[in-house]
Amino acid sequence: MRRGGNRTPAPVLRSPVAPPSIRLLAVDIDGTLLNPESVISTADLAAIRRAHDQGVEVILGTGRRHSFALPVAEQFGFDPWLISSNGAITRSLAGETFHRALLPARTCRKLCGAMLEFRGSTVLTFDTENKGAIVLEHLDELSNVIQRWLEKNLRYIDFVVPLERSLTTDPVQAMFCGPMARMRQALAGLAASGLEKEITVLRTEYPARDLSIVDILNTGCSKGHALKRWASHRGIPREQVMAIGDNYNDVEMLAFAGRPFIMGNAPLELHERGWAVTLSNAENGVAAAIEQVLDGSPVGV
């Protein structure tokens, strides 16, 4: 029998919200998160923030130096960690260092000696935020291929002749920059150098710009090694790690991730590896990949 005109409403039953199938998202910057105009699209940024809001940890994995990657990370609205210099350094937005894998100075000296033919294409980087973070002998060969990068990093550049004089401490890495045909010659020179057990060789190619960057890091150093180390530290199995990349220097990171996605603008060789393909960086490919994983929606390529 009802008493009065009120009664306790029946409870509303709601289906529990399923947690995302991933716990860690690693995203490359150039050619992936940045579009052809070198900015993050509104859609990609919204997708990154949505993943973070749903409890997915986001980490950037880039070939850039830490300080050169900061302006990208600072747009997120939260503080991600950064795997920079292709895995050599893992550091927070606030500057806390989790891991460093520097290239031994003695190895770098041997490298410089073995690659004398490419001295004009050689750049050394060091883990400092002052002048001398980037060292080269002259701009003659480099200004034609990486002029924009040189202009943005001018205050960090020091000129040292010969390069070996700068090796008073271990560098982060060495790199060779130039046209793709010239850098294929550099790769052949590295293969013949006898240093294969002491170094890691990673390449990044931009055919539209006829630009190739060959990075030389300490042995066992890559984005993949760094991502595996971070995931283990965070207690996240690789099955719950998602990675998005577009170039050869992303291969180890993609190979480690349980949910790898390559961009539509990635080289054909990466498309042949059987990884999931998202849209290009001109078509919000990062957002499309994240939405597929969070919602199960198709990418549409």
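Before I start, one convention: Ala, Val, Leu, Ile, Met, Phe, Trp, Tyr, Cys and Pro count as nonpolar here, Asp, Glu, Lys and Arg as charged, and the others, Gly among them, as polar. What you have in front of you is a predicted model, and I would like to begin with its enclosed space and then work outwards to the pockets, the sheets and the helices.

The structure holds 1 cavity of 30 Å³ or more, and the space in this largest cavity comes to about 70 Å³. Its lining is made by R65, H66, S67, S85, I89, T125, F126, D127, T128, E129 and V172, which by class gives 3 nonpolar, 5 polar and 3 charged residues.

Turning to the open spaces, the largest pocket contains about 1200 Å³, and among the 46 residues that line this pocket, those closest to its centre are D30, R64, Y206, R209 and I213. The elements that contribute two or more residues to that lining are the helices α1 (29–33), α3 (66–73) and α5 (147–152), together with the strands β9, β10 and β11. If we sort the lining by class, we find 17 nonpolar, 18 polar and 11 charged residues.

The second largest pocket holds about 150 Å³ of space, and its lining includes R100, L102, F126, D127 and T128 as well as D158, V160 and D170. That lining divides into 4 nonpolar, 4 polar and 4 charged residues. You may recall F126, D127 and T128 from the lining of the cavity, and these residues also line the second largest pocket.

Let me move on to the sheets. One of them is an open sheet of 8 strands with mixed pairing, in the order β5-β4-β3-β2-β1-β12-β13-β14, and its edges are β5 (97–100) and β14 (276–277), each of which pairs on one side only. Within this sheet, strand β1 (residues 24–27) runs parallel to strand β2 (residues 57–61), with 4 bridges between them, and V27 has L60 of β2 as its bridge partner. Helix α7 (residues 223–234) packs on this sheet, where it touches β1, β2, β3 (81–84), β4 (89–92), β5 and β12 (241–245), and its direction makes about 160° with that of β2. Helix α10 also packs on the sheet, touching β1, β12 and β13 (259–262), at about 160° to the direction of β12.

Helix α10 (residues 285–295) has a helical partner as well, since its axis and that of α2 (residues 42–53) come within 7 Å and cross at roughly 35°, in a left-handed sense. On the α2 side the contact is made by A43, D44, A47, I48, R50 and A51, while α10 brings G285, V286, A287, I290, E291, L294 and D295. By class, this contact has 8 nonpolar, 1 polar and 4 charged residues.

The other sheet I want to show is open and mixed too, with 6 strands in the order β8-β7-β6-β9-β11-β10. Its edge strands are β8 (157–159) and β10 (199–206), and neighbouring strands are turned by 25° against each other on average, direction ignored. Strand β7 (residues 134–136) pairs with β8 in the parallel sense over 3 bridges, and I134 has I157 as its bridge partner in β8. Helix α4 (residues 105–114) packs on this sheet and touches β6 (122–125), β9 (173–178), β10 and β11 (211–218), with its direction at about 25° to that of β9. Finally, helix α6 (residues 180–191) lies across β9, β10 and β11, running at about 25° to β11.

Definitions and conventions:
Residues numbered from 1 in each chain as written. Predicted model: local features only at pLDDT ≥ 70, side-chain atom pairs only at ≥ 80, totals over all residues. Heavy atoms only, no water. Axes fitted to C-alpha atoms, helices over the stretch in contact; angles between N-to-C directions. Left-handed = near helix turned anticlockwise from the far one by under 90°. Contact = heavy atoms within 4.5 Å. Pairing = 2+ DSSP bridges. 1 Å grid on protein atoms, 1.4 Å probe; cavity = no way out; pocket = protein on both sides within 12 Å on 5 of 7 lines; lining within 4 Å. Points joined across faces, edges and corners; volume = space filled by probe spheres on them.
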